[in-house]
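Subject: Structure handover

Hello,

Here is the structure I promised to pass on. Please open it first, then read my notes below with the view in front of you.

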Amino acid sequence: MTKSTILSIIVAVGIIGLALWFSGSSGKGGAEVGALNTTINGDKQYIDIVAKGGYSPKVINAKAGIPLVVKMNTANTFDCSAFVVIPSINYRGTLQKDGTTEIPIPAQPAGTTLRGSCGMGMYGFAINFI
Ligand SMILES: [Cu+2]
């Protein structure tokens, strides 16, 4: 082997090593998606919230840019958390007392937060689009 062949092998190994290192670190970046609380199914994402004496979870991380369906689950919910207001999408609705009411939310831009509350504003929840 000539010196230049050896040199080019060293350079090639170096480039491959760098490429692997970068793809490894971007893989870790991708794992941040695990911070999402929603379940993505097809071109929509879904989150279950329990509405009873407030909302649980109160803070949700959702994916920006795709529609979200909030599934509000109630079980003998007779308090005011059964009335949901999400001002920025003009949503006002009464949940069924027992069961699941779906609230469709159109795709939102990254870095925005959508806030919802009960009718009187004493119980709240927030959805961060990341
Ligand atoms: Cu209330």
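The accessible surface of the chain comes to about 7,800 Å². Carbon and sulfur atoms hold 62% of that surface. Please keep in mind that this is a predicted model.

**Overall layout**

The chain has 130 residues, and 30% of them count as buried. One helix and 10 strands make up its secondary structure. The helix comes ahead of the strands in the sequence pattern, α-β-β-β-β-β-β-β-β-β-β. Take the contacts with a separation of 6 or more: 53% of them are between residues 24 or more positions apart.

**Strand 5 and its partners**

Start with strand 5, residues 68-74. Six of its seven residues are buried, so the rest of the structure largely encloses this strand. Strand 5 pairs with two others that I would look at. Strand 2 (residues 44-51) runs parallel to strand 5, and six bridges join them. Strand 8 (residues 99-105) is antiparallel to strand 5, with seven bridges between them. To find the pairings on screen, use one residue pair for each. Gln45 stands opposite Leu68 of strand 5. Asn73 has Thr100 of strand 8 as its bridge partner.

Gln45 deserves a second look. This residue belongs to strand 2. Its relative accessible area is 0%, so Gln45 is buried. Beyond its sequence neighbours up to four places away, Gln45 touches Thr38, Thr39, Ile40, Ala62, Lys63, Ile66, Pro67, Leu68, Val69 and Phe129.

**The nonpolar core**

Which residues touch the most other members of the largest nonpolar core? They are Val70, Met72, Val84, Ile105 and Ile127, in a core of 21 residues. Strands 2, 4 (59-62), 5, 6, 8, 9 and 10 (124-129) each give two or more residues to this core. Val70 is a good residue to centre on. Leaving out residues up to four places away in sequence, Val70 touches Ile47, Ile49, Thr101, Glu102, Ile103, Ile105 and Ile127.

**The copper site**

Two sulfur atoms coordinate the copper ion: SG of Cys80 and SG of Cys118, at 2.0 to 2.2 Å. Cys80 sits in the loop between strand 5 and strand 6 (83-86), while Cys118 is in strand 9 (residues 113-118), so the pair ties together parts that are 38 residues apart in sequence.

Are the two cysteines buried or exposed? Cys80 has 21% relative accessibility and counts as partly exposed. Cys118 has 1% and counts as buried. The cut-off for buried is under 20%, so Cys80 falls just outside it.

Ser81 is in the loop between strand 5 and strand 6. Its relative accessible area is 0%, so Ser81 is buried. The side chains of Ser81 and Asp79 make a polar contact of 2.3 Å. Setting aside residues up to four places away in sequence, Ser81 touches Ala51, Lys52, Gly53, Gly54, Tyr55, Leu95, Cys118 and Tyr123. Cys118, one of the copper ligands, is thus among the contacts of Ser81.

**Val85 in strand 6**

Val85 is found in strand 6. At 9% relative accessibility, Val85 is buried. Val85 and Ser117 are 32 residues apart along the chain, yet their C-alpha atoms are separated by 5.4 Å. Not counting neighbours within four places in sequence, Val85 contacts Tyr91, Arg92, Arg115, Gly116, Ser117, Cys118 and Gly119. Cys118 turns up here too.

**Backbone points to check**

Three spots are worth a look.

- Ser56 and Pro57 are joined by a cis peptide bond, with omega about -5°. Pro57 is in the loop between strand 3 (55-56) and strand 4.
- Asn76 has a positive phi of about 50°, although it is not a glycine. Asn76 lies in the loop between strand 5 and strand 6. With a relative accessible area of 43%, Asn76 is partly exposed.
- Asn90 also has a positive phi, near 55°, and is not a glycine. Asn90 is in the loop between strand 6 and strand 7 (91-94). Its relative accessible area is 72%, so Asn90 is exposed.

Best wishes

Note on methods:
Residues numbered from 1 in each chain as written. Predicted model: local features only at pLDDT ≥ 70, side-chain atom pairs only at ≥ 80, totals over all residues. Heavy atoms only, no water. Buried < 20%, exposed > 50% of the residue type's maximum accessible area, 1.4 Å probe, protein only. Helix = DSSP H or I, 4+ residues; strand = E, 2+ residues; numbered from the N terminus. Pairing = 2+ DSSP bridges. Donors = N, O, S within 2.8 Å, 3.2 Å for Na, K, Ca; no water. Polar contact = N/O pair within 3.5 Å; in protein donor to acceptor, adjacent residues only side chain to side chain. Contact = heavy atoms within 4.5 Å. Areas by Shrake-Rupley, 256 points an atom, 1.4 Å probe, with all protein chains shown as cover. Core = buried A, V, L, I, M, F, W, Y, C linked by side-chain atoms within 4.5 Å.
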